[in-house]
Amino acid sequence: MTDSLTVRDNRTGQEYDVPITDGTIKAADLGKIKSGEDAPGLAVYDPGFVNTASCRSSVTYIDGDEGILEYRGYPIEQLAEKSNFLEVAYLLIHGSLPDKAQYDAWVHEITYHTFVHENVKTFMQGFRYDAHPMGMLMASVGALSTFYPDARNISDADNRHMQIVRMIAKMPTLGAWSFRHAQGKPYVYPDNDLGYTANFLSMLFKMSESKYDADERLVKALDVLFILHADHEQNASTNAVRSVGSTQVDPYSAVSAGVGALFGPLHGGANEAVLRMLRRIGSKENIPAFIEGVKNGNERLMGFGHRVYKNYDPRARIIKKAATDVFEVTGTNPLLDIALELEKIALEDEYFVKRKLYPNVDFYSGLIYEAFQFPPEMFTVLFAIGRTPGWLAQWLELTQDKEQKIARPKQIYTGDRGLTFTPASERWA
Ligand SMILES: CC(C)(COP(=O)(O)OP(=O)(O)OC[C@H]1O[C@@H](n2cnc3c(N)ncnc32)[C@H](O)[C@@H]1OP(=O)(O)O)[C@@H](O)C(=O)NCCC(=O)NCCS
């Protein structure tokens, strides 16, 4: 068997051998196929990159048919059960697990960079009282580039490391302050005695007490949610980070583009839609009628189905377990019973089985966030904090990848050509 593709161009009758490497062909090789000497080379039309690899990456592996998700080769189930978010962040950034000294140094670095410049606080206070926290997060992480102009020096490894530490450390501070802002509550400074996730909860919920003491089970559940969201290979926001990063801009600007992409309802907003759906169903008795509506094509079962997973999303299984732990502390949410029943019925129903529609990560995550008393606008902010190490690991990989170029897709031009311009004074006369 030869690893190549023979292409016959029926316009010219000419044949071409295109090498196949890692199951892909190089789009540039197709560019050599031309209908005439001066004609443009053949290109690929692929809106939404549904079948185009944009990079080589060793960060995250997904097998959607088998329901497998691995960070740097480690299955998500093991990381969620036995690791913690900062160790997973180290793994994503560095490519391997830390030894004790490396782990301690990493946790120390992240912990001591959680504070932001006082002027960040001042400009965040300038947002309108009802500003969406995701808009505030996007703007403030981008603005960090003005506080660290040295971040533009992306060819220096120590410098890159510094910005990575700063960003992972400061995202919870910015996220928590965006939340407090909408509530009219004073911003809470980081507490460096606390772990990463416990400190985040403190910055969110602390009032007059001298120390905020979150329930350990809640800290663990939120930490697991961060782990589950930490990376997901070339998704829309990661692609945004890479695309903007390919211009060699500083990483704060690149990550703020990622936050912008995540803000969109097609990316980060599905868990809120699940909550709305569960509320609308209202009680278990209404489920059969709702399912009929879905099967008739009148609506979608939100939190089911995935572009990549054609099996149970491995993250959904872990989240389901985390939901049980959280409800042990906060008391159950009646919507959980509806979700469980809905899942049971859907998994047995031929419509869903035939189409390989299984619960995805968003089916239960909204219920957990609601139990923490987060308003829906905060759901994507939590996602962004979890995704930050993934965005940065991908950005770091990009900066060192010799094959990468500035991201600049082609187009198929469909407009007019060569028109003659008439000045407005003549056109309107
Ligand atoms: C995630 C999603 C956008 C993936 O879409 P996709 O890969 O383009 O899949 P398609 O829309 O082509 O769906 C394939 C088939 O399953 C059906 N389908 C997909 N998701 C469905 C859902 N949630 N409920 C009911 N039917 C669904 C489609 O109607 C289609 O049926 P058909 O072949 O009879 O036309 C889609 O499954 C969806 O909208 N899910 C709900 C929203 C959600 O939970 N999003 C979060 C993703 S993490």
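On the surface of this predicted model, L5, I20 and I25 together make a nonpolar patch of about 190 Å². One of these residues, I25, has its place in the loop between strand 2 (14-19) and helix 1 (27-30). With a relative accessibility of 33%, I25 counts as partly exposed, because that class lies between the limit for buried residues, under 20%, and the limit for exposed residues, over 50%.

Helix 17, which spans residues 362-371, gives another picture, since this helix is mostly covered and nine of its ten residues are buried. The buried residues of helix 17 are D362, F363, Y364, S365, G366, L367, I368, Y369 and A371. What lies over them? The cover of these buried residues includes helix 9 (216-229), helix 12 (270-281), helix 14 (314-330), helix 15 (334-348) and helix 18 (379-399). Just after helix 17 comes Q373, which takes a positive phi of about 70 degrees.

We can turn now from covered residues to enclosed space. Rolling a probe the size of a water molecule over the atoms shows where empty space is left. In this structure there is one cavity of 30 Å³ or more, and the volume of the largest cavity is about 70 Å³. Which helices supply at least two residues each to the lining of the largest cavity? They are helix 4 (100-111), helix 7 (157-183) and helix 8 (196-205), and the largest share, three residues, comes from helix 8. Among the residues that line the largest cavity are L86, I110, T111, A169, P172, D191, Y196, N199 and M203.

Methods
Residues numbered from 1 in each chain as written. Predicted model: local features only at pLDDT ≥ 70, side-chain atom pairs only at ≥ 80, totals over all residues. Heavy atoms only, no water. Patch = residues over 30% accessible without salt bridge, like charges linked within 9 Å, V, L, I, M, F, W, Y side chains within 5 Å. Areas by Shrake-Rupley, 256 points an atom, 1.4 Å probe, with all protein chains shown as cover. Salt bridge = Lys/Arg side-chain N within 4 Å of Asp/Glu carboxyl O. Helix = DSSP H or I, 4+ residues; strand = E, 2+ residues; numbered from the N terminus. Buried < 20%, exposed > 50% of the residue type's maximum accessible area, 1.4 Å probe, protein only. Contact = heavy atoms within 4.5 Å. 1 Å grid on protein atoms, 1.4 Å probe; cavity = no way out; pocket = protein on both sides within 12 Å on 5 of 7 lines; lining within 4 Å. Points joined across faces, edges and corners; volume = space filled by probe spheres on them.
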